[in-house]
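Visitor: I would like a close look at one part of this model: its pockets. Please take me through them, and through the framework around them.

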Amino acid sequence: MVKRKMLSFVLTIIISTPIIGLCYMIVEGSDITEVPALMLFVLIFAAPVVLFFGIPVTMLSDQINKRFKGKKRMYASLVTHLFFAISFVVLFVLITESRFIFTDFNGFDWYFLIPATVYSSVLWCVDERLRKNKNCHHCFTQNLHLKLM
């Protein structure tokens with residue numbers, strides 16, 4: 001399970017970081033040459049959060065939703081991921097600023113909310129795909145190990 005979670009982390013970072021970089025490019029009106037810098041900026045802050053908050057949430061989600069089967073478990077897991085991602089942003093904004101989030105929600109908050117939901121959705125999707133194809137993560141790690149040698 002830990003191998004699958006770490007592989008989910010790596011794939012989530014690889015998939016989500018360019019998406020968030022492009023979103024920031026569109027929002028800020030930047031050109032395509034600034035996307036690598038935006039991706040690096042996102043990666044510096046997002047990777048530790050996904051590793052130290054996202055992976056434990058995924059493990060917690062597995063434990064919470066193990067009593068469900070099929071699509072019900074899958075959708076309950078998605079709701080759990082999104083709930084914790086949004087809760088993280090709300091707590092982060094409440095801790096770093098002295099205003100009440102629901103009465104004064106501004107653009108600054110969207111810079112955290114959108115990446116959090118994208119990262120959590122992609123992490124959920126990748127983890128579900130790896131869970132569905134139990135041998136998929138084993139083959140991927142074996143091929144990666146062989147390529148590194």
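Guide: First, a term. A helix here is a DSSP run of H or I with at least four residues, and helices are numbered from the N terminus. The model is predicted.

Start with the smaller topic, the second largest pocket. Its volume is about 320 Å³. Which helices supply at least two residues each to its lining? H3 and H4 both do. H4 provides the largest share, six residues. Read the lining in chain order. It opens with Arg4. Next come Gly70, Lys71, Arg73 and Met74. Then follow Trp124, Cys125, Glu128, Arg129, Arg131 and Lys132, with Lys134 at the end. Sort that lining by class and you get eight charged residues, three nonpolar and one polar.

Stay with Arg4 for a moment. Its C-alpha lies 6.9 Å from that of Leu130, although 126 residues separate the two in sequence. Leu130 sits in helix H4. Is Leu130 buried or exposed? It is buried, at a relative accessible area of 4%. The cut-off for buried is under 20%.

Now move to the largest pocket. Its volume is about 580 Å³. The lining counts 23 residues, and those closest to the pocket centre are Phe45, Ala46, Val49, Phe88 and Phe112. Three helices each give at least two residues to this lining: H2, H3 (70-96) and H4 (107-132). H2 contributes the most, nine residues. What is the class make-up of this lining? It has 20 nonpolar residues, three polar and no charged ones. Set that beside the second largest pocket, where eight lining residues are charged.

Phe112, one of the residues closest to the centre of the largest pocket, leads on to Phe92. Their C-alpha atoms are 8.9 Å apart, with their positions 20 residues apart along the chain. Phe92 belongs to helix H3. Phe92 is partly exposed, since its relative accessible area is 32%. That class runs between 20% and 50%.

H2 also has a helix partner to look at. H1 covers residues 2-28 and H2 covers residues 35-64. The two pack with their axes 8 Å apart, at an angle of about 140°. Why is this pair called oblique? Because angles over 145 degrees count as roughly antiparallel and 65 to 115 as roughly perpendicular, an angle of about 140° falls in the rest, and H1 is oblique to H2. The crossing of the pair is right-handed. By class, the H1 contact with H2 holds 19 nonpolar residues, four charged and three polar.

Last, step back to the whole chain. It holds five helices and zero strands. From the N terminus the elements read α-α-α-α-α. The chain has 149 residues, and 38% of them are buried.

To recap the pockets: the largest has a lining with no charged residues, and H2 gives the most to that lining. The second largest has eight charged residues in its lining, and H4 supplies the largest share there.

Notes
Residues numbered from 1 in each chain as written. Predicted model: local features only at pLDDT ≥ 70, side-chain atom pairs only at ≥ 80, totals over all residues. Heavy atoms only, no water. Axes fitted to C-alpha atoms, helices over the stretch in contact; angles between N-to-C directions. Parallel < 35°, antiparallel > 145°, perpendicular 65-115°, else oblique. Left-handed = near helix turned anticlockwise from the far one by under 90°. Nonpolar A, V, L, I, M, F, W, Y, C, P; charged D, E, K, R; others polar. 1 Å grid on protein atoms, 1.4 Å probe; cavity = no way out; pocket = protein on both sides within 12 Å on 5 of 7 lines; lining within 4 Å. Points joined across faces, edges and corners; volume = space filled by probe spheres on them. Buried < 20%, exposed > 50% of the residue type's maximum accessible area, 1.4 Å probe, protein only.
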